[in-house]
Amino acid sequence: MKTAAEHDPAWVLREVLGPVVVLRLARPPVNALSPALAQALAQALRELADRQDCQAIVVAAQGRCFSAGADIHAFGHAAGDPHELPGQIETCPKPVVAALHGDTLGAGLELGLACRARVAREDTRLGLPEITLGLIPGAGGTQRLPRLIGADAARALMLSGQFLHAREALAVGLVDEVTPGDPVDVACALALRLAAGSWSRARPRGLPLGESLPVPKGRLPQPAAQVLEACLAAALERPLAEGLALEALGFAQCLHAPESRALRHAFAAERRSRQVPDLPAGLRPRTLERATVVGAGTMGHGIAICLAAAGIQVDLVDPDAAARGRALLAIENHHAQQLRRGRLQAQEASARTARVQAHAQLSCAADADLVVEAVYESMALKCALFEALDRVCRPGALLATNTSTLDVDRIAAATQRPEDVLGLHFFSPAPAMRLLEVVRGARTSPQALFDGLALARRLGKIPVVARVAPGFIGNRMVGPYGRQAERLLLEGATPQQVDRALVAFGFPMGPHSVGDLVGLDVGVRAAAEGGARGDPRDGAIARRLVALGRLGQKTGAGLYRYEAGSREPLADPQVEAIIREEARQLGVRRREIDEQEIVQRCLLALINEGAALLGEGVAARASDIDTVWIHGYGFPRWKGGPLHHADALGLTQVMEGLARCSRMSPHDAALWEPAPLLGELSRSGRSFADWDAQRA
Ligand code: 3H9
């Protein structure tokens, strides 16, 4: 019945199927509704409105999904956002039906909401995730969704930002039909019935959506959450036009709010980080079907879980039989828990568990396409292991170290194939943490780097490329941040005061609670491995506590004390006394310290170190540093990461802050010396975002 197909140069394909015209969005990868695409669709609709031979219209899409919503990268750049399109669809003299598949989100779903009916293929995921970007739906969603599915369900969907699968959407009345086949065929038939006046909506069966999509309990982006509530109230009480006007005002307010800027920055940053400009085009990932993970500790078995989840066969090597036993049990327990929580089917859970085999000997690495080393942080141990791997592994195997601080180039030099060696720094717990620092050694080949990035994608991780430097990006910045957190204790603040101030800033945990969680011995050992002892104040409290057997949560006491079986940090007068005594011995004068000073000093130290390593080329972009700190260290996403936060404060203010800290503690002036790049940007009136843009 297809009679014509023409390609609209403005990305809307048109197919005439007898009396129905199908308009297909065709803007890969996700049919983001940029102003240009929205205009092209609007234009096509206008033309069809007057055509006698067109009785009904179906709006569909080509490619992997219907539409991921408005073009996030185009906000603020051009007029003609897609918010006018739904009104045009609603008032179109011909019935318009949406044929949905794949992700149908944000303005994409709002476009569908304005249609007379919606047909979804079974794989469709529908949602209004604007809240996760600090926005509200701005193309009529706040008004049309409650009218269609009821206020409670609409509120749950919009405040949670979560997606509904096609069948759930059918149950709640968000779509009218679900089909395993081509939704366009079903939509065309439905459109003709609408044109003939022979179709009316069946009543939804009703779904207690509020229960399946509980509104998140934590902090919601502002002012978006508040504006959304006001729009919902208007949807119940006001005519559509008034509600839409209120929504348009609210959307504009959110769009310009600092939180939305930060959240949109975070979204773009975590996608940009996987692009490495100097990689040659045309690289193809090498086959990675069998991996050897060396070291069956927490990191080793966590990495094994990640690899097994991606369908990779894993040989987990550890000479210690007890460690192997514990690791296999932990892997089994992890999958059993996933099964209980409904995140895995039974068959998949047992397949993943079975994919991991434990071995005492390294000889199994002979079959490996990939080796990930996750042994104790010791250069000597790692070099010896890589020497052995070089003998055992076949040519072309990718060799990765999971070191979090050590020199990857030295480790690579232990082999005859440094081009195949790179760092894959997983964060703990590896299955849960999405960040992966991909460390590019001086001799890592472009192919090996490309393979590391492809693997990250396959594991569902967010890769950030770092050059070799102590601590790479994340842990290097922890140094100055942690140093200030510790100095503040010596100078008079309590651990809970420091933690409270940084939690109030937005971190989920303060640095001292984190220290107790990770283990104070870890930092003390890493400092010892790093060699040179600097200022005697650095690490003084931790060394003293470790010497007393107070390693943190695992020993029931660290900077805090813990009741048996509890993780709640409790203030400990003994620690107070220890800190006081250390300060006395080190000659540190103690005084009252307020929250503002705590936040300022810790963040300025963090920002300055970020600028330093950016200037040195350890990170390629400021936004990569932000991604590392959001995903690896709990920097509040709604503040966009340390360098976005610095831009928001203004780099002149940052420079003034550093100068103030330097005046307050002249003997620490060297710590507050601005990084050259920071000084340069501030003097030329530029921001970190400008610096990134010049390199894009
Ligand atoms: C909105 O709609 C406002 C309206 O209410 C009002 C308007 C007036 N725009 O994530 P992926 C790109 S706000 C532009 O890697 P996945 C992405 O950058 C919007 N680009 O794939 C990447 O590009 P590249 C509400 C977008 O499979 C590529 O697509 N919508 C957009 O892991 C692949 O993305 C949302 O918040 C976009 N909207 O995940 C949904 N979406 O290859 C945002 C994606 O060059 N999007 N791209 O790096 C998502 O949540 C995920 O991208 C999605 C796919 C689940 C769709």
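A polar contact, as I'll use the term, is a pair of N or O atoms within 3.5 Å. Hello everyone, and please keep in mind that this is a predicted model.

Let's put that definition to work at the ligand. A polar atom in the side chain of Arg271 sits 2.6 Å from an oxygen atom of the ligand. The backbone takes part too: a polar backbone atom of Gly138 is 2.9 Å from a ligand oxygen. Then there is Arg457, with a side-chain N or O atom 3.3 Å from an oxygen atom of the ligand. How much of the ligand's accessible area does the protein cover? On its own the ligand has 1000 Å², and the protein covers 81% of that.

Which elements give two or more residues to the shell around the ligand? They are strand β6, residues 103-105, helix α3, residues 107-114, and helix α11, residues 258-272. In total, 31 residues surround the ligand, and the ones that come nearest are Arg64, Glu110, Glu130, Arg271 and Arg274. So much for names; what about character? The shell divides into 16 nonpolar residues, six polar ones and nine charged ones.

Now for the aromatic rings, where I think you'll enjoy having the structure on screen. A pair of aromatic rings is described by how far apart the centres are and by the angle between the planes. How many aromatic pairs are there in this model? The count comes to eight. Take Phe427 and Tyr633: this pair is edge-to-face, with 5.6 Å from centre to centre and 85 degrees between the planes. Phe427 belongs to the loop between β16 (421-426) and β17 (435-440), while Tyr633 belongs to helix α25, residues 622-633, so this pair ties together parts that are 206 residues apart in sequence. Are these two residues buried or exposed? Both Phe427 and Tyr633 are buried.

My second example is Tyr481 with Trp629, another edge-to-face pair, at 5.6 Å centre to centre and 75 degrees between the planes. Tyr481 is in helix α18, residues 474-491, and Trp629 is in helix α25, so the pair links parts 148 residues apart in sequence. Tyr481 is buried, at 7% relative accessible area, and Trp629 is buried as well, at 1%. If you'd like to see the bigger group, look for one aromatic cluster made of Phe427, Tyr481, Phe505, Phe507, Trp629, Tyr633 and Phe635.

On to the cysteines. A search of the whole structure turns up zero disulfides. Why does Cys115 have no bond to Cys92? Cys92 holds the closest cysteine sulfur to that of Cys115, but the two are 9.5 Å apart, which is too far for a bond, because a disulfide needs the sulfur atoms within 2.5 Å. Cys115 itself counts as buried, at 5% relative accessibility. Cys661 tells a similar story: the closest cysteine sulfur, in Cys602, is 9.9 Å from its own, too far for a bond. Cys661 is buried too, with 6% relative accessibility.

One last stop, away from the rings and sulfurs. Gly218 is found in the loop between α8 (209-212) and α9 (224-237). With a relative accessibility of 52%, Gly218 counts as exposed, because the cut-off is over 50%. Along the chain, Gly218 and Thr179 are 39 residues apart, and their C-alpha atoms are separated by 37 Å.

That's my tour, and thank you for listening. I'm happy to go back to any of these sites on the screen.

Terms used
Residues numbered from 1 in each chain as written. Predicted model: local features only at pLDDT ≥ 70, side-chain atom pairs only at ≥ 80, totals over all residues. Heavy atoms only, no water. Near = heavy atom within 4 Å. Polar contact = N/O pair within 3.5 Å; in protein donor to acceptor, adjacent residues only side chain to side chain. Areas by Shrake-Rupley, 256 points an atom, 1.4 Å probe, with all protein chains shown as cover. Helix = DSSP H or I, 4+ residues; strand = E, 2+ residues; numbered from the N terminus. Nonpolar A, V, L, I, M, F, W, Y, C, P; charged D, E, K, R; others polar. Buried < 20%, exposed > 50% of the residue type's maximum accessible area, 1.4 Å probe, protein only. Phe/Tyr/Trp six-rings, centres within 6.5 Å; stacked < 30°, edge-to-face > 60°.
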